[in-house]
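Reader: I am in my first year and would like to learn how to read a protein structure by asking about it step by step. Could you take me through this one?

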Amino acid sequence: DDKGVISTKTKLDYESQKNYTLNISLSDGSTADYATVFIRVTDINDNSPVFDTTNTTIAIAENVTVGTHVTSVSATDVDEGFNGLVVYTLKGGEGKMDIDSSGFILLQKVLDREEQGFYNLTVIASDQGQPARSTALNLAIIVDDINDNAPVFSSSRYEVKVPEDQELGSVLLALSAADRDAGANALVTYQITDQQPQTSSPVFLVNSSTGQLSLSQRLDYETINEFEVKVGASDGGQPTLSTETLVVVCVEDVNDNPPEFSQAVYDVFVFENHQKGSPVYTFSVADKDEYVMVHENFVLLSLEPAVNLPNPRKLRPDGTILVTGSVDRETKEKYELLLVASDNGVPLRQNFTHVSIQVLDVNDNPPQFTRAQYSASIHVAAAKEGEFVLSVSATDLDLGNNAVISYSLMNHSDDFHINNGTGEITLSSNLGHITADTVVTLTVVATDHGVPQLTSNVEDINDNAPVFSAWIQTHLSAPENAAGLDLGTFSATDLDIGDNALISYSLQDDFAGTFHINSSTGKLMTKKSLDREVIDSYKLKIMATDSGKPPQSASLVLSIAVEDVNDNPPVFPQKSYSVTVRENEPPHVILSAVATDADIGYNAIIHYAITGETTSFHVGELSGDIATLQPLDYESHSQYMFILKAFNPGEPHLQDTANITVTVEDVNEEGPVFDQSSY
């Protein structure tokens with residue numbers, strides 16, 4: 001201006017023009033002077049740093065090593081000096097990355113995409129001006145997946161129960177494995193790697209994509225009841241990673257098997273004199289299923305039309321067939337039966353077997369003559385030695401040797417002879433010594449060859465009752481507390497033969513099952529323990545009855561004394577006694593505590609003893625009388641307590657105890673006494 005002040009007309013910009021040159025003149029109207037003015041623009045921090053980066057999204061593999069160059073950024077500041085000096089700082093990255101002074105972003109820690117797959121970074125470029133100016137750049141870091149995780153099953157071991165009749169193709173279990181990777185690295189496929197026990201073809205299949213385990217072969221609990229299947233899960237990475245799990249398949253039993261007999265047909269043999277109630281044969285039955293066969297599920301059926309005969313068979317719960325009636329080969333020699341066994345399953349299954357019971361012969365029939373009497377006439381004048389007179393014949397219902405008959409004369413005859421095989425009677429002399437009409441009576445005996453031999457000469461009538469021997473000891477003794485005692489065999493005899501001499505034994509009263517007699521042998525046993533303290537003797541009547549029609553019987557009365565055993569302890573009538581004794585009384589009996597013993601004799605002897613107090617009192621060893629040993633003093637001992645024991649001296653040592661309380665009664669025996677002799 002006219003004052004020589006140079007001023008700016010517009011805002012200066014150091015970054016656009018740093019220097020100006022002005023030519024100025026000074027004139028007074030006549031003369032002029034000229035000067036050059038050099039103006040230098042001083043920089044101020046009026047520009048922020050500017051990034052030249054255009055790619056703000058960077059991908060990096062998760063397995064890169066620490067120190068790897070992730071990316072770099074570059075920023076410039078058109079200012080000069082400190083105003084244009086750019087430094088970088090990094091925000092974000094959770095400490096995994098850092099930036100150096102050149103703008104290089106470096107990896108500081110190992111990455112794991114499964115922990116964090118994305119990072120937001122902010123790079124701040126700041127100049128060093130006063131005040132400083134800065135610019136921020138946002139970067140997105142994407143962590144690319146690496147196949148560094150194998151699939152993981154939800155369990156290391158699975159267990160599934162499958163009934164053995166499960167339908168083919170049904171899904172047994174859905175397996176699941178997860179892979180923390182991504183994409184193809186996390187794509188899981190399933191496959192069966194092993195099956196134990198091994199089979200010719202796989203029993204199970206697994207869906208490669210869903211993991212569903214299904215059944216491909218029929219199961220059979222009775223063949224294999226448990227499988228161990230290893231299932232692998234593999235991902236789609238390169239290289240592939242895989243893992244395995246164990247599936248235990250427990251095959252559950254289904255009642256698909258009937259009971260099985262050890263034989264398809266049973267041929268059983270039994271003698272016709274088999275004792276009623278005794279076993280004939282025990283059948284063996286097995287069931288492959290878990291359902292246990294209970295023996296009550298046996299049923300015995302007849303394969304024959306109903307006949308009017310006693311049922312000779314019954315099945316015990318353990319599968320044993322018993323004879324329940326009279327078995328007579330001469331009446332029926334074979335029984336055809338059907339044995340049915342059932343299990344306890346659902347549904348119930350049955351099986352059957354044929355049972356043929358063959359009755360074996362026993363020599364239980366004597367020979368029987370075809371006629372009750374035989375007669376013949378002989379002309380003595382023409383009689384010659386060896387001449388045939390007549391023939392007798394007998395039959396035997398038994399078999400084999402039991403039915404082979406030999407004939408003989410009961411009494412020897414000089415005139416007649418009998419052929420022991422044919423029964424032909426012939427003359428053994430010419431009868432010259434007979435001069436008049438004579439009737440000769442011969443008794444022929446027919447004997448079979450059985451064991452024992454049975455004979456017949458005249459039809460037997462049941463005219464003899466059984467007889468007990470007079471030598472039988474009828475006074476017996478038996479110890480108490482013992483069961484199964486053999487008291488002896490009490491048998492009778494019968495002079496008849498055959499069924500008329502077949503004796504069975506019974507008890508008129510068995511005292512509620514205490515005694516038992518073998519119906520065939522007469523052997524007498526105790527079935528229950530005797531107790532002398534309840535009943536000390538028995539009158540037992542044994543009946544012997546033959547099998548004649550009508551039957552005849554005899555009886556034998558036994559007197560059985562029960563021997564005492566020391567099985568009862570002494571017993572006090574009360575558990576505690578209390579007695580009051582005046583002090584200063586001379587020694588005397590203060591209490592008689594008597595125990596009792598249910599046994600007898602030596603077993604009932606009771607001894608007494610005191611426990612706990614022996615200086616002031618005494619008890620009679622056998623009487624139980626408790627006496628004082630000395631006068632008692634109330635002032636020194638006002639009460640005594642001790643135990644009285646009653647025991648048997650023998651073995652076992654049985655005892656009882658009672659608590660004794662003796663209270664000493666005070667007697668006014670001392671006058672008042674001054675504390676001092678003088679005051």
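Author: Gladly, and please keep in mind from the start that this is a predicted model.

Reader: Into which domains is the protein divided?

Author: The division starts with domain 1 (1-144), domain 2 (152-252) and domain 3 (260-360). After these come domain 4 (368-457) and domain 5 (467-563), and the list ends with domain 6 (576-665).

Reader: What distance separates the centres of domain 1 and domain 2?

Author: Domain 1 covers residues 1-144 and domain 2 covers residues 152-252. When the centres of these two domains are taken over C-alpha atoms, the separation comes to 64 Å.

Reader: Which strand gives the largest share of the largest nonpolar core?

Author: The largest nonpolar core has 25 residues, and those with the most contacts inside it are Phe-153, Phe-204, Leu-219, Phe-227 and Val-247. Two or more residues come from each of β13 (157-163), β14 (171-174), β17 (204-206), β18 (212-215), β19 (226-234) and β20 (242-252). The largest share of this core, 4 residues, is given by β19.

Reader: Which residues does Leu-219 touch, not counting residues up to four places away in sequence?

Author: Leu-219 is among the residues with the most contacts inside the largest nonpolar core, as are Phe-204 and Phe-227. Leaving out residues up to four places away in sequence, Leu-219 touches Val-162, Pro-163, Glu-164, Val-203, Phe-204, Phe-227 and Val-251.

Reader: How many residues are in the second, separate core?

Author: This second core is separate from the largest one, and it includes Leu-485, Leu-507, Ile-517 and Leu-556. The number of residues in this second core is 24.

Reader: Which side chain of opposite charge is nearest to Asp-43?

Author: Asp-43 sits in the loop between β2 (32-40) and β3 (50-51), and it is buried yet has no salt bridge. A salt bridge requires the nitrogen and the carboxyl oxygen to be within 4 Å, whereas the nearest side chain of opposite charge is 7.9 Å away and belongs to Lys-18.

Reader: Which side chain makes a polar contact of 3.4 Å with the side chain of Asp-43?

Author: Not counting residues up to four places away in sequence, Asp-43 touches Tyr-14, Glu-15, Asp-79, Glu-80 and Asn-83. With Glu-80, the side chain of Asp-43 reaches the backbone nitrogen at 2.9 Å. The polar contact of 3.4 Å between side chains joins Asp-43 to Asn-83.

Reader: Is Arg-329, which forms a salt bridge with Glu-333, buried or exposed?

Author: The structure holds 13 salt bridges, and in the one between Arg-329 and Glu-333 the closest N and O atoms are 3.5 Å apart. Arg-329, Glu-330, Glu-333 and Asp-361 are also linked in a network of salt bridges. Glu-333 is partly exposed, with a relative accessible area of 39%. For Arg-329 the relative accessible area is 8%, and because buried means under 20%, Arg-329 is buried.

Reader: How many residues apart in sequence are the parts tied together by Lys-523 and Asp-486?

Author: Lys-523 forms a salt bridge with Asp-486, the closest N and O atoms lying 3.7 Å apart. Lys-523 belongs to strand β44 (residues 523-526) and Asp-486 to strand β40 (residues 486-489), so this pair ties together parts whose separation in sequence is 37 residues.

Reader: Where is Pro-239, which follows a cis peptide bond from Gln-238, found?

Author: Most peptide bonds are trans. The bond from Gln-238 to Pro-239 is cis, with omega near 0 degrees, and another cis bond joins Gln-196 and Pro-197, where omega is about -5 degrees. Pro-197 is found in the loop between β16 (189-196) and β17, while Pro-239 is found in the loop between β19 and β20.

Reader: What is the phi of Asn-481?

Author: Most residues other than glycine have a negative phi. Glu-94, in the loop between β7 (87-91) and β8 (97-99), has a positive phi of about 50 degrees although it is not a glycine. Asn-481, which is placed in the loop between β39 (475-479) and β40, also has a positive phi, with a value near 70 degrees.

Conventions: Residues numbered from 1 in each chain as written. Predicted model: local features only at pLDDT ≥ 70, side-chain atom pairs only at ≥ 80, totals over all residues. Heavy atoms only, no water. Buried < 20%, exposed > 50% of the residue type's maximum accessible area, 1.4 Å probe, protein only. Domains from an automatic or database assignment. Core = buried A, V, L, I, M, F, W, Y, C linked by side-chain atoms within 4.5 Å. Contact = heavy atoms within 4.5 Å. Lys, Arg positive; Asp, Glu negative; His and termini not counted. Polar contact = N/O pair within 3.5 Å; in protein donor to acceptor, adjacent residues only side chain to side chain.
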